[in-house]
Amino acid sequence: MYGATVDEIEDAAYDDKLAEFEARIARGEKIEPGDWMPDEYRRQLIRMISQHAHSEVVGMLPEGTFITSAPTLRRKLILLAKVQDEGGHGQYLYHAAETLGATREEMLEALLSGKAKYASVFNYPALSWADMGAIGMLVDGAAILNQTMLARASYGPYSRAMIRICTEENFHQRQGEDIIITLAQGTEEQKAMAQDAINRWWWPSMMMFGPHDSDSKNSEILLRWGVKTRTNDQLRQQFVNQMVPKLHKLGLSVPDPDLHYDEESGNWIHGEIDWDEFWNVIKGNGPCNAERMAARRKAHEDGQWVREALEAYAARQEAQPA
Amino acid sequence: MNDTQKQALAAYLIALGDDELILGHRDSEWAGHAPILEEDIAFANLALDEIGHAVVWYELASDATGENPETHPNHLAYFRDVHDFRCVQMVELPKGDWAYTIVRQYLFDVAERIRLTALAQSNYPPLAEAAGKIKGEELYHLRHSAAWVKRLGLGTAESNIRMQHALNELWALAHQLFMPLPGENDLTPDDIVPVSANLLPEWEAVVRTAFAEADLTPPAANTSPSRDRSVHTPYLIDLVTEMQKVARLDPDATW
């Protein structure tokens, strides 16, 4: 054999491209849709962004159940605006994933068939009005930490979608906190309602950051390629440090008997997460997995004739002479 | 305005607010369940506007009778008995399929636009001003529902049949919007509000043209099953119970 094989030449070219790609990320440049990127980078981003989009869309469901019974007109309007924003976030994120070559139909199909995941936290039920507060304060609070990090992600369209989303999420978190503050300062029943909601949403929110770094199979490559800039455990620690003093100040407790303050590090140290529950909900066995997917499938199936009519109407408009 | 007229105006505005609140409630039920994501967003936004308008009417009603406009709107929504609501029956009915939702919204939006145009000329300046403001937002609703009437009327055979069914069911009910509202007769002589029946011909002309363009035909029967806004369907009881269930857990609590 003389010289290099085609594979080797391609490999050499691949290595050069990869080196340049990684150098760009190291320089803090954004990767844009038409730029060269490793297939794995594209695959990981489509997975993350579509999962994120699905989470926004499925996330409309638990709060949606309380729009019709929000206890004041002002609360009702705020909650509606929030759920509307979530739909909007789903929309930007689907667009961001489309820039990587995924189509909305493929992504929806993956969600409805159960192949694609969404944030497991939405597989827990919203049982009382106080849950609107707990979801806003804890779930959105956790989401913001993750999203603030992703606003610095190396992929331009994802980063820009996140910057926009973060601004609105801050407002969502404040509305949640405001509900919890109001209840915590209210009647005994209201305080009990708030505590019950915090008890139920605390651990699912802690789980939102994902497995420990040592068990997270995607973390290493995502950190290397600048999609993530902080680890799951770092973000989780930041969340605990932020939330514990807020809850204590309101006279609410955190449902973690092992929780304690560590003088040396200045961190609130939390007890171990129930990882069996975490994996079980991811596998589809959470309290509401079946209900959430049934709601999405029903909306999709009931809307089939509407989408067909839209296509037929669009085709008809196109066929018409100008 | 004399005291009788103030009371009449409050009753009139509460009825308008009830239409908006109850329709907004039905619209909000689509959030998370619409046929395409864009409509989850659009209908949440519609509901937001409708309920926001209900608040505007309730506040004006509170002003007219010297109630506190900060607290009275919540009282009207959450602590009135279901029999005291004064919405038309059309807005109480369940959301139905997408065709039903669209036809109802369209029939309502056209009627509302015509009424708001008249109210913007009211001799009572706060009412004229509020109507002018709301009219701008309602124009977007009307464009949205009118576009859907066309798409679904002219889409597929199935979409056309579903739209026609919805129209058959809703057409007579929509005529209740043109029956005199509570208090109306005390207010029309001074041009504070329009005579509802006088708004009907324009409404008919607009919607009949749009339906004809969408290959849809209103049925012959056009007599509303009820003239009186104090008569409701059983659906309103369920709706109001749901709407008030958290607020009534503790009426003295702050939420």
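# Reading a predicted two-chain model

Tutor: Asp191(B) is found in the loop of chain B that runs between helix H7 (184–187) and helix H8 (200–213), and we can begin there, keeping in mind that this is a predicted model.

Student: What is the phi of Asp191(B), and how should I read its sign?

Tutor: The general idea is that most residues other than glycine have a negative phi. In this structure, phi of Asp191(B) is near 55°, which is a positive value although the residue is not glycine. Asp215(B) also has a positive phi without being glycine, with a value near 65°, and Asp215(B) sits in the loop between H8 and helix H9 (234–244) of chain B.

Student: Is Asp215(B) buried or exposed?

Tutor: Its relative accessibility is 54%, and because exposed means over 50%, Asp215(B) counts as exposed.

Student: How do I describe the way in which helix H11 and helix H12 of chain A meet?

Tutor: Two packed helices are described by the angle between their axes and by the distance between those axes. Here the axes of H11 (residues 289–302) and H12 (residues 304–319) of chain A come within 4 Å and cross at roughly 40°, and H11(A) and H12(A) are therefore oblique to each other. On the H11(A) side the contact is made by Ala299(A), His300(A), Glu301(A) and Asp302(A), while H12(A) brings Gln304(A), Trp305(A) and Arg307(A). Sorted by class, this contact of H11(A) with H12(A) holds 2 nonpolar, 2 polar and 3 charged residues.

Student: Which parts of chain A are tied together by the salt bridge of Asp140(A) and Lys82(A)?

Tutor: The general idea is that side chains of opposite charge can pair when their charged atoms come close. In the pair of Asp140(A) and Lys82(A), the closest N and O atoms are 2.9 Å apart. Asp140(A) lies in helix H5 (residues 130–150) of chain A and Lys82(A) in helix H3 (residues 73–98) of chain A, so their pairing ties together parts that are 58 residues apart in sequence. Both Asp140(A) and Lys82(A) are buried.

Student: How many salt bridges does the rule find across the interface of chain B and chain A?

Tutor: The rule finds 1 salt bridge across that interface, whereas the count over all chains comes to 27. The side chains of Arg104(A) and Glu38(B) meet in a salt bridge at 2.6 Å, N to O. Glu38(B) lies in helix H2 (residues 37–65) of chain B and Arg104(A) in helix H4 (residues 104–112) of chain A, so this pair joins two chains. Glu38(B) counts as partly exposed at 27% relative accessibility, and Arg104(A) counts as buried at 17%.

Student: Which residues are joined into one network by salt bridges that share partners?

Tutor: The network consists of Glu20(A), Arg24(A), Arg27(A), Glu29(A) and Asp35(A). One of its pairs is Glu29(A) with Arg24(A), whose closest N and O atoms are 2.9 Å apart; Glu29(A) is partly exposed at 31% relative accessible area, and Arg24(A) is buried at 17%.

Student: How many residues of chain B and of chain A are in contact, and what area is buried between the chains?

Tutor: In this model 49 residues of chain B are in contact with 44 residues of chain A. The area buried between the two chains is about 3900 Å², and carbon and sulfur atoms give 70% of that area.

Definitions and conventions: Residues are numbered from 1 along each chain as its sequence is written. Chains are lettered from A and ligands numbered from 1 in the order in which they are written. This is a predicted model: local features need pLDDT of at least 70, side-chain atom pairs count only at pLDDT 80 or more; totals for chains, interfaces and linings use all residues. Side-chain values use heavy atoms; hydrogens and water are left out. Axes are lines fitted to C-alpha atoms, for helices over the stretch in contact, and angles run from 0 to 180 degrees between N-to-C directions. Angles under 35 degrees count as roughly parallel, over 145 as roughly antiparallel, 65 to 115 as roughly perpendicular and the rest as oblique. Contact means heavy atoms within 4.5 Å. Ala, Val, Leu, Ile, Met, Phe, Trp, Tyr, Cys and Pro count as nonpolar, Asp, Glu, Lys and Arg as charged, and the others, Gly among them, as polar. Buried means under 20% relative accessible area, exposed over 50%, partly exposed in between (1.4 Å probe, protein chains only). Buried area is the accessible area (1.4 Å probe) that two parts lose on being put together, summed over both. A salt bridge is a side-chain nitrogen of Lys or Arg within 4 Å of a carboxyl oxygen of Asp or Glu.
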